[in-house]
Amino acid sequence: MTRRIPAKALSRLVDDIFRAVGSDAPEAAIIADHLVTSSLVGHDSHGILRVSKYVEWVREGDVIPNRHAAIAFEKGPATLVDGGFGYGQVIGLEAMEILAERALSSGLAALGIRNTAHLGRIGHWAEHLAAAGLVSVHFVNTSGFGILVAPHGGSDRRLSANPFAAGAPRASGAPIVLDIATSVIAEGKIQVARNKGERLPAGAVLDGQGRPTRDASAFYGDPPGAILPFGGHKGSGLSFFCELIAGALSGGHASNPASPTAGRLVNNMVSIAFDRDVFGEGAFFAEDEERLIAWMTGSPPADPAAPVLLPGEIEIQTRAEREAHGIPVDDATWAGLAASAASCGLNAVGYI
Ligand code: NAD
């Protein structure tokens, strides 16, 4: 069964759960806003579903509440922030504020984050910079956790799902935001297929012997299987650069099962932000962006019922629908949320 719950009710519940496990009021509000927004825009895998894992990690000492972005290095346009294993939602927000201020004053700036817990939905950070008037790109990796993806042409797990995001503000209206993992599918979708006894899409997964399979249980065999990168050599190459730029440049470690943080979900992210006038062509950018949008979306749809969408548009549509009708919460997600609440002495049912 799936129930629809208003975003505000979920925010209150999530906020109270994080306060109960040690976050101060501003931190709990930031985490709740990030997770509930991810669910609102349709990225359920990065929304309230994550609450129970985050609670587990904080209790195990893998995530430390009330940490703040600490500047570890700065030179010219570059700043490195150490997250001290604090919540990615807080460290990410503080880091984006530093990046925005520096990019707006210098035209462009780069910022690395290392040693932070899960940074969540990466498009959130591109949206934040777009709201400050900045164009941005973001490369993300995890150093020694969640290694699930085979490189193109390989047969076992060497890389993580390594997301890439980019954002651009528009003269008016919502920003354009691309936000993609570099794996064909998320591991969560394989779990769901196994639970339902459904076949996986073709071309998504290899079994433990490196052979293509549509059998979800083959992925969880011994030895385990691997997920393929999207777009063959192209996704594999982009994932490599997520590792190198986010993991190695920041000192946070590229994919490495022996890294000092292996076994603990640590995200590293390197973001570059540009003022639209960085090359003295800000007015041209605004005009050319609108022209490009009209040109691209003017392509006659291959399926008349499905017009060409801009990156970020589907999230805007999903958000409008879920703001009006509530966020769909399936039984498993609700059970996880209710159990986390109960472990903090809270009754989830009382919030909805
Ligand atoms: P996805 O496959 O749903 O792709 C989303 C992107 O594609 C968005 O930019 C969306 O606007 C665009 N899009 C979707 N349908 C479209 C269409 N019909 N036409 C044009 N554009 C379209 O997302 P994903 O790759 O499964 O990633 C899901 C989320 O997981 C992301 O938010 C990502 O940041 C997050 N993630 C985070 C981590 C981490 O370590 N923190 C790791 C992996 C993924």
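How many aromatic pairs does the structure hold? In this predicted model, the structure holds eight aromatic pairs, and two of them offer a useful way into the fold once the central sheet has been described.

The sheet is open and built from seven strands, arranged in the order β2-β3-β4-β11-β5-β6-β7 with mixed pairing. Strands β2 (70-75) and β7 (176-180) stand at its edges with a single partner strand each, so one side of each has no neighbour in the sheet. On average, and ignoring direction, neighbouring strands are turned by 15° against each other. Within the sheet, β4 (residues 108-116) pairs with β11 (residues 267-275) in the antiparallel sense over seven bridges, and M269 in β11 is the bridge partner of I113.

Helices pack on this sheet. Helix α4 (residues 88-106) touches β2, β3, β4, β5 and β11, and its direction makes about 165° with that of β4, whereas helix α8 (residues 233-248) touches β5, β6 and β11, with its direction at about 95° to that of β5.

Another helix contact joins α3 (residues 51-60) and α11 (residues 331-343), whose axes come within 8 Å and cross at roughly 35°. Here V51, S52, V55 and R59 of α3 meet G336, L337, S340 and S343 of α11, a contact that comprises three nonpolar, four polar and one charged residues.

The largest nonpolar core has 34 residues, of which F18, Y87 and L337 touch the most other members. Helices α1, α2, α3 and α11 and strand β12 (327-330) each supply at least two residues, and the largest share, seven residues, comes from α1. Leaving aside residues up to four places away in sequence, F18 touches S23, A28, I31, L35, V51, Y54, V55 and Y87. A second, separate core of 21 residues includes L93, A109, L111 and A273.

The contact between F18 and Y87 leads back to the aromatic pairs: their rings form an edge-to-face pair, 5.7 Å centre to centre with 85° between the planes. Because F18 lies in helix α1 and Y87 in the loop between β3 and α4, this pair ties together parts that are 69 residues apart in sequence. Both F18 and Y87 are buried. W57 and F145 also pair edge-to-face, at 6.3 Å centre to centre and 90° between the planes; W57 lies in helix α3 and F145 in the loop between β5 and β6, so parts 88 residues apart in sequence are tied together. W57 is buried, with a relative accessible area of 9%, while F145, at 27% relative accessibility, counts as partly exposed. Ring pairs link F18, Y54, W57, Y87 and F145 into a cluster.

How values were computed:
Residues numbered from 1 in each chain as written. Predicted model: local features only at pLDDT ≥ 70, side-chain atom pairs only at ≥ 80, totals over all residues. Heavy atoms only, no water. Pairing = 2+ DSSP bridges. Helix = DSSP H or I, 4+ residues; strand = E, 2+ residues; numbered from the N terminus. Axes fitted to C-alpha atoms, helices over the stretch in contact; angles between N-to-C directions. Contact = heavy atoms within 4.5 Å. Nonpolar A, V, L, I, M, F, W, Y, C, P; charged D, E, K, R; others polar. Core = buried A, V, L, I, M, F, W, Y, C linked by side-chain atoms within 4.5 Å. Buried < 20%, exposed > 50% of the residue type's maximum accessible area, 1.4 Å probe, protein only. Phe/Tyr/Trp six-rings, centres within 6.5 Å; stacked < 30°, edge-to-face > 60°.
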